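The following exercises are to be worked through with the sequence and the coordinates at hand. Each task is followed by a solution in steps.

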Amino acid sequence: MILITILIVQIEGSMMDQNSLSRYKEILSISEENIIFVKNPYITHQAELGFDSSSRSWVVNFNITQSEFPFIHELGHIYFAKIKTRYMHFALPPPPHLELNRRIGDLMGNLLDCFVNYNLSVFKEIYPIIQQNDFEYLDNLRQFQTKIGSINDLNTLLGWYILFYLDFRFILKKEDRDIKNQEIYSFLEILRSQIYNFTDFNRNNMIKLTKSLNKFEKAKIEIQHVRIIYFIYNTLLSIKLWSKEELKKQIEIFFP
Ligand SMILES: [Zn+2]
């Protein structure tokens, strides 16, 4: 009884209420999963997923939330790991490891997120939320440009580029992409020009990255975890910021 009360109080501070949570869990066939929402101002993303083994519950830590999208995305990880690929490391945080490279891990996370988002977009009840989230960025180009201008970290910019490029090109439906064609071009161009400020990433690197990313059109429907991990590995290799050995080592850490 006490547990239920806590659950309701915690979820009240978020954008998602119990009814819509139950509805989304049902849509994603994850109704039997325990999911607790915890408001946590210290996390770096809008929402982060963890697992509490003592209560066998998923924990969604959330921070600033303007939409339901970050929550649905975290539910999407559970769906993708449990139902779609049956590979739990697509939902669980990486196991602690001394040689874990956070920068590589972040980009692997961005690529994985696109698989999660694609698999969510297939549900007609969920697609409008993804579309709305993308359009909000595209309709506020100026605001985005200011934000991007203040980011002085190549890794962060590459992460954003990967995420938005794949989202806009391969997850948005064609009719929505067509409406926002000009905005999409400008949006990605803002990111590209900020990325070119870094001498270790030039137009040639971008061509190689784009070529790898375009393979997502076929890769997005994969359900075998090995193939998904292979796409992630190849894309990061194409950026040429890390050696094969380093990337293989990190893949083994993040996706054991
Ligand atoms: Zn994610």
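**Exercise 1. A residue of helix α2**

Task: Locate I27 in the secondary structure, classify the exposure of I27, and identify residues that I27 touches beyond its sequence neighbours.

Solution.
- Step 1. I27 belongs to helix α2. The model is a predicted one.
- Step 2. Around I27 there are 17 other C-beta atoms within 10 Å. A residue is buried at 20 or more such atoms and exposed at 12 or fewer, so I27 is partly exposed.
- Step 3. Leaving aside residues up to four places away in sequence, I27 touches F123, E125 and I126.
- Step 4. For a distance along the chain, take Y79: I27 and Y79 are 52 residues apart in sequence, and their C-alpha atoms are separated by 9.8 Å.

**Exercise 2. Two domains and their contact**

Task: State the domain bounds and describe the side of domain 1 that touches domain 2.

Solution.
- Step 1. The domain assignment divides the protein chain into domain 1 (1-93) and domain 2 (99-256).
- Step 2. Between the C-alpha centres of domain 1 and domain 2 the distance is 23 Å.
- Step 3. To the contact, domain 1 gives 15 residues and domain 2 gives 17 residues.
- Step 4. On the side of domain 1 that touches domain 2, helix α3 (residues 69-84) supplies the largest share, eight residues.
- Step 5. By character, the residues on this side of domain 1 are seven nonpolar, six polar and two charged.

**Exercise 3. The packing of α3 and α4**

Task: Determine how the axes of α3 and α4 are arranged and which residues of α3 and α4 meet.

Solution.
- Step 1. The axes of α3 and helix α4 (residues 102-121) come within 9 Å of each other and cross at roughly 90°.
- Step 2. Angles of 65 to 115 degrees count as roughly perpendicular; α3 and α4 are therefore roughly perpendicular to each other.
- Step 3. From α3, the residues I72, H73, G76, H77, Y79, F80 and K84 take part; they meet F115, V116, N117, N119 and L120 of α4.
- Step 4. The residues of this contact between α3 and α4 comprise six nonpolar, five polar and one charged.

**Exercise 4. The nonpolar core**

Task: Give the number of residues in the largest nonpolar core and name those with the most contacts inside it.

Solution.
- Step 1. The largest nonpolar core contains 59 residues, and M108, Y161, I162 and I232 have the most contacts inside it.
- Step 2. Both domain 1 (1-93) and domain 2 (99-256) contribute at least three residues each to this core.
- Step 3. Beyond residues up to four places away in sequence, I232 touches M108, L111 and L112.

**Exercise 5. Positive phi outside glycine**

Task: For S29 and R86, report phi and decide whether each residue is buried or exposed.

Solution.
- Step 1. Most residues other than glycine have a negative phi.
- Step 2. S29 has a phi near 55°, a positive value in a residue other than glycine, and R86 has a positive phi near 50°.
- Step 3. S29 is in the loop between α2 (18-27) and β1 (35-39), while R86 is in the loop between α3 and α4.
- Step 4. S29 has 12 other C-beta atoms within 10 Å and is exposed. R86, with 12 C-beta neighbours inside 10 Å, also counts as exposed.

**Exercise 6. Loop residues and distances**

Task: Place Y42, S53 and I221 in their loops, and relate each to a residue elsewhere in the chain.

Solution.
- Step 1. Y42 lies in the loop between β1 and β2 (47-52) and, with 6 C-beta neighbours inside 10 Å, counts as exposed. The C-alpha atoms of Y42 and F62 are separated by 9.1 Å, with the two positions 20 residues apart in chain numbering.
- Step 2. S53 is in the loop between β2 and β3 (57-62) and counts as exposed with 6 C-beta neighbours inside 10 Å. S53 and N34, 19 residues apart in sequence, are 11 Å apart from C-alpha to C-alpha.
- Step 3. I221 is placed in the loop between α11 (216-219) and α12 (225-239), and 11 C-beta neighbours inside 10 Å make I221 exposed. I221 and Q194 are 27 residues apart along the chain, and their C-alpha atoms are separated by 31 Å.

Terms used:
Residues are numbered from 1 along each chain as its sequence is written. This is a predicted model: local features need pLDDT of at least 70, side-chain atom pairs count only at pLDDT 80 or more; totals for chains, interfaces and linings use all residues. A nonpolar core is a set of buried Ala, Val, Leu, Ile, Met, Phe, Trp, Tyr and Cys residues joined through C-beta atoms within 7 Å. Domain bounds come from an automatic or database domain assignment. Two residues are in contact if their C-beta atoms, placed from the backbone, lie within 7 Å. Helices (H or I, at least four residues) and strands (E, at least two) are DSSP runs, numbered from the N terminus. Ala, Val, Leu, Ile, Met, Phe, Trp, Tyr, Cys and Pro count as nonpolar, Asp, Glu, Lys and Arg as charged, and the others, Gly among them, as polar. Axes are lines fitted to C-alpha atoms, for helices over the stretch in contact, and angles run from 0 to 180 degrees between N-to-C directions. Angles under 35 degrees count as roughly parallel, over 145 as roughly antiparallel, 65 to 115 as roughly perpendicular and the rest as oblique.
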